[in-house]
Amino acid sequence: MKDIKQSKLFTPYKMGPVTLRNRTIRSAAFESMGKDFSPTQALKDYHVSVARGGIGMTTLAYASINRSGISFNSQLWLRDEIVPQLRDITDAVHHEGAAVGVQIGHCGNMTHWSTAGCFPVSASNGFNLYSPTFHRKLKPSELITFAKDFGQAVVTAHEAGFDSVEVHAGHGYLISQFLSPWTNRRRDEFGGSLENRMRFMNMCLEEVMEQAARHNMAVLVKHNMEDGFRSGIQIPESIEIAKQIESFGVHGIVLSSGFVSRAPMAVMRGRIPTRTMGYYMGWNEWLQKIVVSLFGQWMIKQYDFEECFFLENAKKFRAALKGPLVYVGGLVSREGIERVLDEGFEMVQMARALVNDPAFVNKLREGDITTRSGCDHKDYCIARMYSVDMKCCHNCKDLPKVVRRELNL
């Protein structure tokens, strides 16, 4: 059993041009703390609290590269108008001694006309039952523009004071919709073979890496080890995609899994309280509210939670890749984190443990190998994060009876 001096958990790590004070990153789990596609005081307060709590780097989540990629009013749209507000956040995080990154991406067919301001787009034409919405396929000329928008997002992030960007290429959002054979049914140079399906991702990463090098920023890429269902990406093909990502010289690949429009809980694991989810939906979503409340437990595949739930799959990627890898998935204790680092992963990401307690990292430093998060994975935070803000049930007062009953509180 290691003491703190023997562990590499609290040793600095040089992530490209950025040096982190330790190996921990607050993962880019959606906070739902924006307003009108812009940051708020609540978003600042949360990330500052995580920085004060000892994290190596905290990550603002789900920032869209352009207007057409927005799913929620509470989501960030990375644009010049909000640079001063973002700079206020990054300055405050830096003051606490942590680095700060921003996740950049596009939601593809997970958008709505009301938020995106246009007909939703994707790799192919179709209907997304999860949103629900019809969507159209992007033209090759539009893909060139979107790739440049990824590059411009890096420039904007630099101007706002961020140290790094995390390109979201997983979870069934736009880049992932091109990679996955389930959503990419194109018959042009962007569809069919894996080489073709990777073409849009390659365009985006070329733009991102060019601008990151120019502005001295680190780059992470979130990648699906598997989509979570038979007709999606499986591990052997995913390893080939990861090797392609690695060839761009990125400073870390974040290994995740799951597809939000088909297997959402494969991303986070656990048994989401669907009645609670329905309770927090607004009546402007009345049909979804009723369907989720009554039938959600059968519609959404549930998974039992276990610590380090992605580790066995992630080890296959560690064996196949040479570059730095970031482990994410079910880290709730010092023992689990040490196990991951001992397997050769350079950094670790966490979310729910830090929603429960932003000071969790400091407690890891001050405690012993048995230190464990107070998160019990009732997944209340997930059930409410797309309707209100992401918050732990143990940090909420006066929860409604229907919620307390479902959570057994």
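This passage walks through two helices, the aromatic pairs and a nonpolar surface patch. The model is a predicted one.

Helix H4 is a good place to start. It covers residues 140-159, 20 residues in total, and stretches 29 Å from its first C-alpha to its last, close to the 28 Å expected at 1.5 Å a residue. Quite a few of its side chains are tucked away: Leu143, Phe146, Ala147, Phe150 and Gly151 are buried, and so are Ala153, Val154, Val155, Thr156 and Ala157. An α-helix has 3.6 residues a turn, so residues three or four places apart point the same way. In H4, Leu143, Phe146, Ala147 and Phe150 are among the buried positions. The cover over the buried residues of H4 comes from several elements, including helices H2 (83-95), H5 (174-179) and H7 (199-214). Strands S5 (99-105), S6 and S9 (164-168) also belong to that cover. After H4 comes Gly161, with a positive phi near 95°.

H7, one of the helices that cover H4, has 16 residues. Its C-alpha span, first to last, reaches 23 Å, again close to expectation, here 22 Å at 1.5 Å a residue. The buried residues of H7 are Phe200, Met201, Asn202, Met203, Cys204, Leu205, Glu207, Val208, Met209, Gln211 and Ala212. Glu207 is thus listed as buried along with Val208 and Met209. As with H4, a residue with positive phi follows: Asn216, near 55°.

Turning to the aromatics, the structure holds 14 pairs. In one of them, the rings of Tyr279 and Tyr280 have centres 5.0 Å apart and planes at 90°, so this pair is edge-to-face. Tyr279 is partly exposed, at 40% relative accessible area, whereas Tyr280, at 17%, counts as buried. Phe305 and Phe309 give another edge-to-face pair, because their planes sit at 80° with ring centres 5.8 Å apart. Here too a partly exposed ring meets a buried one: Phe305 has 26% relative accessibility, and Phe309 has 10%. Elsewhere, Phe30, Tyr62, Phe72 and Tyr173 come together as one aromatic cluster.

Aromatic side chains also show up on the surface. Trp113, Phe119, Phe127, Leu129 and Phe134 make a nonpolar patch of about 610 Å². Of these, Phe119 lies in the loop between helix H3 (113-116) and strand S6 (121-122). Phe119 counts as partly exposed because its relative accessibility is 38%. Strand S6, on the far side of that loop from H3, is also among the elements covering the buried residues of H4.

Terms used
Residues numbered from 1 in each chain as written. Predicted model: local features only at pLDDT ≥ 70, side-chain atom pairs only at ≥ 80, totals over all residues. Heavy atoms only, no water. Patch = residues over 30% accessible without salt bridge, like charges linked within 9 Å, V, L, I, M, F, W, Y side chains within 5 Å. Areas by Shrake-Rupley, 256 points an atom, 1.4 Å probe, with all protein chains shown as cover. Salt bridge = Lys/Arg side-chain N within 4 Å of Asp/Glu carboxyl O. Helix = DSSP H or I, 4+ residues; strand = E, 2+ residues; numbered from the N terminus. Buried < 20%, exposed > 50% of the residue type's maximum accessible area, 1.4 Å probe, protein only. Expected span 1.5 Å × (residues − 1). Contact = heavy atoms within 4.5 Å. Phe/Tyr/Trp six-rings, centres within 6.5 Å; stacked < 30°, edge-to-face > 60°.
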